[in-house]
Amino acid sequence: MDTDTENTVDYIVHSGDANFIEDVIEASKTMPVIVDFWAPWCGPCRQLTPALEKAVKAEGGKVKLVLVNIDENQAVAGQLRVQSVPTVYAFVDGQPVDGFMGAQPESEIKKFIGKLTGDTDVEAEAIILVERAQASLEAGDTGGAAQDFAAALQMNSENPQALAGLARVSLDSGDSDTAQAMIDSAPESIKDHADIASVRAALSLIDAAPDENDVVDSGHGELLAKLDANPDDLDTRLELAKALAASGDNGGAVEHLLSSIAKNRAHDDEAARKFLLTIFEAEGIESEIAVQGRKQLASILFA
């Protein structure tokens with residue numbers, strides 16, 4: 001018998017009807033026991049069982065794995081109402097406390113075992129929640145995204161994507177004060193993270209809006225009229241770009257800023273270029289507006 005088998009023989013075992021009480025019920029009073037109900041003809045079982053064995057071995061004796069072939073042990077499978085395989089139960093103190101059916105990815109298996117051993121990787125779980133929140137946003141489920149961002153933030157207060165995501169939800173719903181408060185509360189370790197900086201930049205776009213409320217409310221008509229009368233009025237063009245950005249039209253703002261840079265890149269200490277870069281940061285470096293805008297900016301600057 002090799003060393004690995006010697007080290008794992010006590011907590012990875014085959015059992016059945018005759019020994020279930022001893023191997024599972026009694027054993028679970030000293031450590032968590034995972035029971036894997038499987039069958040030789042079950043395809044998903046051939047994926048799940050090795051993954052369970054690998055994960056249990058990695059715990060080094062903190063949890064036990066018991067493998068039960070339902071074809072040979074129908075009594076215990078019937079008592080636990082196993083209707084399909086693979087089915088997995090977790091026992092603690094003689095009682096089933098958790099379980100799942102079907103093959104699972106390695107990350108989910110680790111989470112399942114982590115709950116039993118108390119070694120749950122909260123950082124990894126927070127990352128999973130953030131990914132789900134981002135998918136919810138793409139699907140238009142703002143409420144679900146906000147819940148997952150908030151849950152991830154509770155698990156790991158230094159997750160920048162969670163904090164930025166929750167702030168962005170508030171910002172997009174028109175609550176810029178809450179978004180600002182969230183960003184201001186960012187821990188020192190993540191305050192300069194790109195996602196946090198992106199939301200901060202988006203907030204600055206709102207702050208940069210012209211003071212005249214009627215300009216925004218009227219659809220920027222006054223600024224457009226002034227610009228039509230004098231297309232070379234770069235101060236007005238910058239004000240219009242700020243008004244557009246404040247109302248959410250970053251694409252329109254970028255067009256006017258690029259036009260201004262093309263006419264006179266040095267005007268007002270390169271104010272147009274600086275504001276353009278703020279928009280790129282607010283949109284995110286991989287956004288279509290930022291990618292295409294940087295290409296156009298480069299063609300202007302290096303023409």
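These legends accompany a set of views of a predicted model, starting with the whole chain and then moving in on single sites.

**Figure 1. The whole chain is more spread out than a compact globule.** Welcome to the overview, where 16 helices and 5 strands make up the secondary structure of the chain. The radius of gyration is 29 Å, whereas the globule rule gives 19 Å for 303 residues, so the chain is more spread out than a compact globule. The C-alpha trace spans about 95 × 40 × 35 Å along its principal axes. As for contacts, 62% of those with a separation of 6 or more join residues that are 24 or more positions apart.

**Figure 2. Surface and charge of the chain, seen as totals.** The exposed area of the chain comes to about 16000 Å², and carbon and sulfur atoms supply 48% of it. Of the 303 residues, 43% count as buried. If you like to think in charges, the chain has 23 positive and 53 negative ones. The mean positions of these two sets are 4 Å apart.

**Figure 3. Cys 42 and Cys 45 form a disulfide.** This is a view of the 1 disulfide that the structure holds. Look for the two sulfur atoms, which are 2.4 Å apart. The angle about the S-S bond is 85°, and the link is right-handed. Are the two partners buried or exposed? Cys 42 counts as buried because its relative accessibility is 3%, and Cys 45 is buried with a relative accessible area of 3%.

**Figure 4. A cis peptide bond leads from Val 85 to Pro 86.** Follow the backbone here and you will find omega near 0° at the bond between Val 85 and Pro 86. Pro 86 sits in a loop, with helix H4 (74-79) on one side and strand E4 (87-92) on the other.

**Figure 5. Asp 93 has a positive phi in the loop between E4 and strand E5.** Strand E5 covers residues 95-101, and the loop that links E4 to E5 holds Asp 93. Phi of Asp 93 is near 55°, a positive value in a residue other than glycine. How accessible is Asp 93? Its relative accessibility is 54%, so Asp 93 counts as exposed.

**Figure 6. Asp 269 is a residue of helix H15 with a positive phi.** Helix H15 takes in residues 267-283, and Asp 269 is found there. This residue is not a glycine, yet its phi is positive, near 55°. Asp 269 counts as exposed because its relative accessibility is 56%.

**Figure 7. Ala 201 touches Ala 282 and two other residues far along the chain.** Ala 201 lies in helix H10, which runs over residues 194-207. Ala 201 and Ala 282 are 81 residues apart along the chain, but their C-alpha atoms are separated by 4.8 Å. Leaving aside residues up to four places away in sequence, Ala 201 touches Thr 278, Glu 281 and Ala 282. With a relative accessibility of 4%, Ala 201 counts as buried.

**Figure 8. Ile 128 and Glu 138 both belong to helix H6.** Helix H6 spans residues 122-138 and includes Ile 128; Glu 138 has its place in H6 too. Which of these residues is partly exposed, and which is exposed? Ile 128 is partly exposed at a relative accessible area of 29%, while Glu 138 is exposed at 74%. From C-alpha to C-alpha, Ile 128 is 13 Å from Glu 106, a residue 22 positions away in sequence. Glu 138 is 42 Å from Met 31 by C-alpha atoms, and 107 residues separate this pair in sequence.

**Figure 9. Leu 297 is a buried residue of helix H16.** You will find Leu 297 in H16, the helix of residues 288-301. Leu 297 has a relative accessibility of 7%, and because buried means under 20%, it counts as buried. Which residues does Leu 297 touch, not counting those up to four places away in sequence? They are Leu 258, Ile 261, Leu 276, Leu 277 and Phe 280. For Lys 263, which is 34 residues from Leu 297 along the chain, the C-alpha separation from Leu 297 is 12 Å.

Methods: Residues numbered from 1 in each chain as written. Predicted model: local features only at pLDDT ≥ 70, side-chain atom pairs only at ≥ 80, totals over all residues. Heavy atoms only, no water. Helix = DSSP H or I, 4+ residues; strand = E, 2+ residues; numbered from the N terminus. Rg over C-alpha atoms; globule rule 2.2 N^0.38 Å. Buried < 20%, exposed > 50% of the residue type's maximum accessible area, 1.4 Å probe, protein only. Contact = heavy atoms within 4.5 Å. Areas by Shrake-Rupley, 256 points an atom, 1.4 Å probe, with all protein chains shown as cover. Lys, Arg positive; Asp, Glu negative; His and termini not counted. Charge placed at Lys NZ, Arg CZ, Asp CG, Glu CD. Disulfide = S-S within 2.5 Å.
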